[in-house]
Amino acid sequence: QVQLVESGGGLAQPGGSLRLSCVASGRSDVVMAWFRQAPGKEREYVAREWFGADYADSVKGRFTISRSNTENAVTVHLQMNSLKSEDSAKYFCAAGPRISRYAENYDNWGHGTQVTVSS
């Protein structure tokens, strides 16, 4: 079992930046991903990191995912630049056994952190 705790959400202006962090404790040999969900919308894939990064088209070139491992924990960051109002959502960190862009393939989730982009 992996426990996930996110931090770093908040309010940013359009064009601004935020950095999200997630600490996953329990094991480090897991695919780490970020998803987001806006009110009334389905959970949406953002990015994942496992021996390389992958991004949704909507964030490519603006967001950067990175990770660092210890023996039994992973820290993953999501650097979000050039933020847009449509990036506003609750962001969730997820861990799973395989590379995937689908939420159902991730079996460990954090509680989420809110990101609001508004002037």
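1. In this note a residue is called buried when its relative accessible area is under 20%, exposed when over 50%, and partly exposed in between, with a 1.4 Å probe and only protein chains considered. By that criterion phenylalanine 51 is exposed, with a relative accessible area of 77%. The model is a predicted one, in which local features need pLDDT of at least 70 and side-chain atom pairs count only at pLDDT 80 or more, while totals for chains, interfaces and linings use all residues. Residues are numbered from 1 along each chain as its sequence is written, and side-chain values use heavy atoms, with hydrogens and water left out.

2. On the overall fold, the protein contains 0 helices and 11 strands, where helices (H or I, at least four residues) and strands (E, at least two) are DSSP runs numbered from the N terminus. The radius of gyration is 13 Å, close to the 14 Å that the globule rule gives for 119 residues, so the protein is as compact as a globular protein of that length; the radius is taken over C-alpha atoms, and the rule is 2.2 Å times the number of residues to the power 0.38. Along its principal axes, the C-alpha trace spans about 40 × 25 × 25 Å.

3. On packing and surface, buried residues account for 45% of the 119 residues. Taking contact to mean heavy atoms within 4.5 Å, 57% of the contacts between residues at least 6 apart in sequence join residues at least 24 apart. The protein exposes about 6200 Å², of which carbon and sulfur atoms supply 47%, the areas coming from the Shrake-Rupley method with a 1.4 Å probe.

4. On charge, there are 13 positive and 12 negative side chains, and the centres of the two sets lie 3 Å apart. Here Lys and Arg count as positive and Asp and Glu as negative, with His and the chain ends not counted, and each charge is placed at NZ of Lys, CZ of Arg, CG of Asp or CD of Glu.

5. Arginine 62 deserves a look in the viewer: it is found in the loop between strand S6 (53–55) and strand S7 (63–69), and it is buried, with a relative accessible area of 11%. Its side chain reaches the backbone oxygen of serine 58 at 2.8 Å, which falls under the definition of a polar contact (a pair of N or O atoms within 3.5 Å; within protein, one must be able to donate a hydrogen and the other to accept it, and residues adjacent in sequence count only if both atoms are side-chain atoms). Leaving aside neighbours within four places in sequence, arginine 62 is in contact with Gln79, Met80, Asn81, Ser82, Leu83, Lys84 and Asp87.

6. Serine 58 lies in the loop between S6 and S7 and, at 34% relative accessibility, counts as partly exposed. The C-alpha atoms of serine 58 and aspartate 87 are separated by 9.0 Å, although the two are 29 residues apart along the chain. Beyond neighbours within four places in sequence, serine 58 is in contact with Arg36 and Glu44. Glutamate 44 itself lies in strand S5 and is partly exposed, with a relative accessible area of 34%; outside the residues up to four places away, glutamate 44 touches Phe35, Arg36 and Ser58.

7. Two backbone angles should be checked by eye. Most residues other than glycine have a negative phi. Phenylalanine 51, in the loop between strand S5 (44–49) and S6, nevertheless has a positive phi of about 50°. Serine 82, in the loop between strand S8 (73–80) and strand S9 (89–96), likewise has a positive phi, near 50°, and is partly exposed, with a relative accessible area of 41%.

8. Aspartate 54 has its place in strand S6, and a polar contact of 2.8 Å joins its side chain to that of arginine 101. Apart from neighbours within four places in sequence, aspartate 54 is in contact with Tyr45, Val46, Ala47, Arg48 and Arg101.

9. Tryptophan 109, in strand S10 (residues 108–109), is partly exposed, with a relative accessible area of 27%. Its side chain reaches the backbone oxygen of tyrosine 106 at 3.0 Å. Not counting residues up to four places away in sequence, tryptophan 109 touches Leu4, Phe35, Arg43, Phe92, Cys93, Ala94 and Ala103; the C-alpha atoms of tryptophan 109 and cysteine 93, 16 residues apart along the chain, are separated by 5.9 Å.
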